[in-house]
Amino acid sequence: MNRRQMIASSAAALSTAAAPVLAQSPGAPMPANRPAPPVARKIPVTIEQLGRTRTDDYQWMKDDNWQAVLRDPSLIKAEVKEHLDAENAYREAMMASTLPLQETMFREMRGRIKEDDSSVPAPDGPWEYYVRYNTGDQHPLYCRKPRQGGSEQVLLDANALAEGKAYSEVSNASHSPDHALFAYAEDAQGSEVHKIYVKDLASNQVLPDVIDSATGDFAFSPDSQWIFWTNRNDNGRPDKIFRRPSKGGETTLVYEEEDEGMFIGVGRTSDDRFIVIGIQNQETSETRYIPGDAPTAAPVVLEPREIAHRYDADHWGDRWVIRTNGDEAIDFKIVTAPTDAPARTGWTDLVAHTPGRFIESFDLTKGHLARQERSDANTRIIIRDRAGSEHEIAADEPAFALSLAGASEYDTGVTRYAYNSPSTPTQTYDYDMASRERTLRKTQEIPSGHDIANYVVERLNAPASDGELVPVTVLRRKDTPVDGSAPLLLYGYGSYGIPMAASFSTNRLSLVDRGWIYAIAHIRGGSDKGWGWFQAARRMTKKNTFTDFIAAAEHLIDRKYATAGRIVAQGGSAGGMLMGAVTNMRPELWAGIIGQVPFVDVINTMSDTSLPLTPPEWPEWGNPIEDAAAYDYMMSYSPYDQVEAKAYPAVLATGGLSDPRVTYWEPEKWVARLRPATTSGKPVLLKINMEAGHGGAAGRFDYLKEVAHDYAFAVWAIDEGWAKA
């Protein structure tokens with residue numbers, strides 16, 4: 001019996017799920033003139049698992065043919081589409097009064113974008129590569145120019161690629177090492193199922209042998225004769241690495257991952273000595289390598305995988321350089337190993353472990369190692385030469401984001417980094433690692449104007465229930481009072497060890513310039529204060545993420561940055577789980593909740609082994625199929641399962657029909673359960689993008705419309721505009 005059979009429903013009603021109907025919500029009374037919300041038909045399904053029983057009234061919303069829907073959203077079953085269309089129509093009717101504000105915010109956001117923008121060119125051999133936009137274009141152009149001067153060559157116009165398509169996103173693009181070919185991966189559904197195209201730059205023609213069903217991840221061999229890519233299987237998982245001649249030909253299987261809980265990808269080392277296959281989940285990793293001068297050779301294991309050991313490897317001319325958490329280096333250290341004997345028994349410390357100083361990444365050039373570190377929710381960059389001398393690139397704001405972009409070629413003494421803060425637009429620098437001279441290459445332009453002096457950035461530390469201090473970054477206008485009167489948006493994530501950078505966003509100014517305070521809670525579950533900060537909020541300690549966010553809100557209230565009931569909370573994906581959890585735990589704190597593509601149906605999703613992210617994420621959440629303790633703990637916070645009758649705030653849940661990460665039925669089911677449960681009379685709304693996936697709209701202006709919609713909802717929730725709908 002397989003795992004799916006173990007959790008099979010005891011009801012046969014799923015196969016005959018009836019279409020939803022429109023009716024008055026059975027929750028709190030609605031004013032007579034308010035639009036009537038959709039009411040989803042309840043079709044109870046009893047699920048028995050590990051001796052426990054749960055009932056799901058809305059399991060019918062999951063399309064049994066969801067794998068096909070990811071690749072072709074038009075295949076969604078009729079009753080589900082009808083319900084999603086009804087939800088979208090209801091939300092539009094309820095928020096009709098916000099349309100002028102949405103349009104105003106959109107125009108503000110667009111006015112802050114330099115429409116004919118261009119990236120700083122990245123030099124590589126005889127060329128400089130860059131992307132740029134034409135005024136009015138939704139998508140970029142990928143270009144190059146001769147390094148010593150000359151005319152531009154457009155490698156790809158992504159606007160032409162997107163023409164006639166509801167969705168198109170180029171997720172990856174790269175030239176071959178000999179500069180003769182250009183490859184790009186397009187997702188044309190939002191499902192993250194890509195096609196990879198290879199273009200011959202001499203003839204300016206796309207070659208006919210297109211690669212299908214790819215993740216978007218690919219790499220040319222160092223001699224440019226071969227292209228390697230990662231396959232995406234029918235369940236949306238990366239499972240194989242393939243190789244074929246770059247210009248087309250027979251495809252060869254290079255590597256197949258048997259563990260469905262691992263992610264895989266392929267690339268080249270910085271010095272082009274090796275092709276590397278990276279294999280990992282949230283706690284375990286493995287690297288396999290192929291000599292660059294023998295690209296058809298079988299991959300060799302660098303160090304066999306071991307549970308709870310994570311490492312990644314690059315090559316530095318005459319040695320391997322490896323970032324590892326081995327030997328209890330919780331916040332990672334950097335070691336070296338001989339080229340011909342890279343196994344762990346030969347590892348030698350290069351940068352020792354320091355608790356609380358999380359080594360996030362490193363970049364290698366011929367003479368230097370540059371690494372990015374994080375502590376106390378800020379970053380720094382350290383430059384090290386081959387002799388071992390180190391120095392730091394420093395910043396002096398209370399909260400900021402310093403990010404290492406690295407060098408685009410190996411034989412150079414210049415690296416690149418970017419600096420910004422919540423009030424400071426991005427500045428891009430080229431940095432001479434020997435002379436320590438930096439050259440400002442670009443400052444982000446804000447065409448509509450931006451005066452840094454008008455804004456204040458602060459860093460607070462909120463005491464958590466167990467005494468830990470949770471960093472909170474605050475952005476406000478200098479003239480916004482700190483007396484509890486200002487509305488506040490509190491953003492959080494807190495999963496997978498992903499930190500929330502204290503970075504600049506032009507979009508946030510549409511709230512801040514209206515007298516709002518914008519705050520980021522650097523809660524446990526992220527790596528904002530080191531990898532241990534992540535480990536302290538996963539599996540059986542996951543609730544620390546939620547209580548940290550609540551502690552951040554309470555501290556902001558205590559310090560008069562906010563008032564209970566005048567805070568809008570926002571988070572997406574796993575941050576949407578956070579939104580669902582804190583809505584259940586402390587509904588009185590929030591005027592509104594914005595759950596973007598929210599992972600809220602935790603038990604059901606983590607029990608469905610067919611879904612793309614379920615087996616890979618058991619290390620993060622636990623396995624409720626085999627572990628009773630994990631099931632019980634997960635059930636105790638699962639937002640969908642913990643909905644009960646109480647006065648919920650206004651809620652906006654968003655999703656994408658072709659999202660493979662958080663499937664559309666999670667926000668759909670959450671809304672269906674929340675709406676009849678709330679006793680506050682405040683609206684529960686659903687917005688499903690019927691033509692996009694996890695990241696929302698692909699075009700840069702279409703995306704701004706989605707941001708403006710969500711921010712208008714925040715204002716509407718604070719002002720209780722819903723009461724007049």
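Helix α11 is largely enclosed by the rest of the structure, because 8 of its 8 residues are buried. Buried means under 20% relative accessible area, exposed means over 50%, and partly exposed lies in between, with a 1.4 Å probe and protein chains only. Helices (H or I, at least four residues) and strands (E, at least two) are DSSP runs, numbered from the N terminus.

This is a predicted model, in which local features need pLDDT of at least 70, side-chain atom pairs count only at pLDDT 80 or more, and totals for chains, interfaces and linings use all residues. Residues are numbered from 1 along each chain as its sequence is written, and side-chain values use heavy atoms, with hydrogens and water left out.

**Helix α11**

The buried residues of α11 are Thr614, Pro615, Pro616, Glu617, Trp618, Pro619, Glu620 and Trp621. The helix spans residues 614-621 and holds Trp618. Trp618 has a relative accessible area of 13% and is therefore buried. Its C-alpha atom is separated by 21 Å from that of Tyr664, 46 residues apart along the chain. Gly622 follows α11 and has a positive phi, near 105°.

**Cavities**

The whole structure holds 4 cavities of 30 Å³ or more. A cavity is a set of points, on a 1 Å grid over the protein atoms alone, where a 1.4 Å probe fits but cannot get out; lining residues have an atom within 4 Å of a point. Grid points are joined across faces, edges and corners, and a volume is the space filled by probe spheres set on the points. The largest cavity has a volume of about 60 Å³. Its lining includes Thr605, Leu611, Pro612, Leu613 and Thr614. Pro660, Arg661, Val662, Thr663 and Glu666 also line this largest cavity.

**Strand β40**

Strand β40 covers residues 684-689, and 6 of its 6 residues are buried, so the rest of the structure largely encloses it. Both faces are covered. Val684, Leu686 and Ile688 are buried on one side, and Leu685, Lys687 and Asn689 on the other. Strand β39 (residues 650-656) runs parallel to β40, and 6 bridges join them. Two strands pair if DSSP finds at least two bridges between them. Gly656 has Asn689 in β40 as its bridge partner. From β39 the chain passes through helix α13 (residues 665-677) to β40, a right-handed β-α-β crossover. Right-handed means that, with the strands pointing away from the viewer, the path from the first strand over the helix to the second runs clockwise.

**Nonpolar cores**

A nonpolar core is a set of buried Ala, Val, Leu, Ile, Met, Phe, Trp, Tyr and Cys residues joined through side-chain atoms within 4.5 Å. The largest such core has 118 residues, and Leu490, Phe549 and Trp590 have the most contacts inside it. α14 gives the most to this core, with 11 residues. A second, separate core has 14 residues, including Trp316, Val351, Leu364 and Leu369.

Contact means heavy atoms within 4.5 Å. Neighbours within four places in sequence aside, Trp590 is in contact with Leu490, Phe549, Ala553, Gly565, Ile567, Ala569, Val582, Thr583 and Pro649.

**Arg524 and Trp722**

Arg524 sits in the loop between β36 (517-521) and α7 (531-535). It is buried, with a relative accessible area of 3%. Not counting residues up to four places away in sequence, Arg524 touches residues including Ala464, Asp466, Glu468, Trp533 and Asp548. The C-alpha atoms of Arg524 and Ile498 are separated by 9.9 Å, and the two residues are 26 residues apart along the chain.

Trp722 is in the segment after α14. Trp722 is buried, at 9% relative accessible area. Leaving out residues up to four places away in sequence, Trp722 touches Arg34, Met94, Gly681, Lys682, Pro683, Trp716 and Ala717. The C-alpha atoms of Trp722 and Gln49, 673 residues apart along the chain, are separated by 41 Å.

**Positive phi outside glycine**

Most residues other than glycine have a negative phi. Two residues with a positive value are tabulated here.

| Residue | Phi | Place | Relative accessibility |
|---|---|---|---|
| Ser224 | near 70° | loop between β13 (211-220) and β14 (226-232) | 4%, buried |
| Glu720 | about 55° | segment after α14 (700-719) | 38%, partly exposed |

Technical notes: On a 1 Å grid over the protein atoms alone, a cavity is a set of points where a 1.4 Å probe fits but cannot get out, and a pocket is an open set with protein on both sides within 12 Å along at least five of seven lines; lining residues have an atom within 4 Å of a point.
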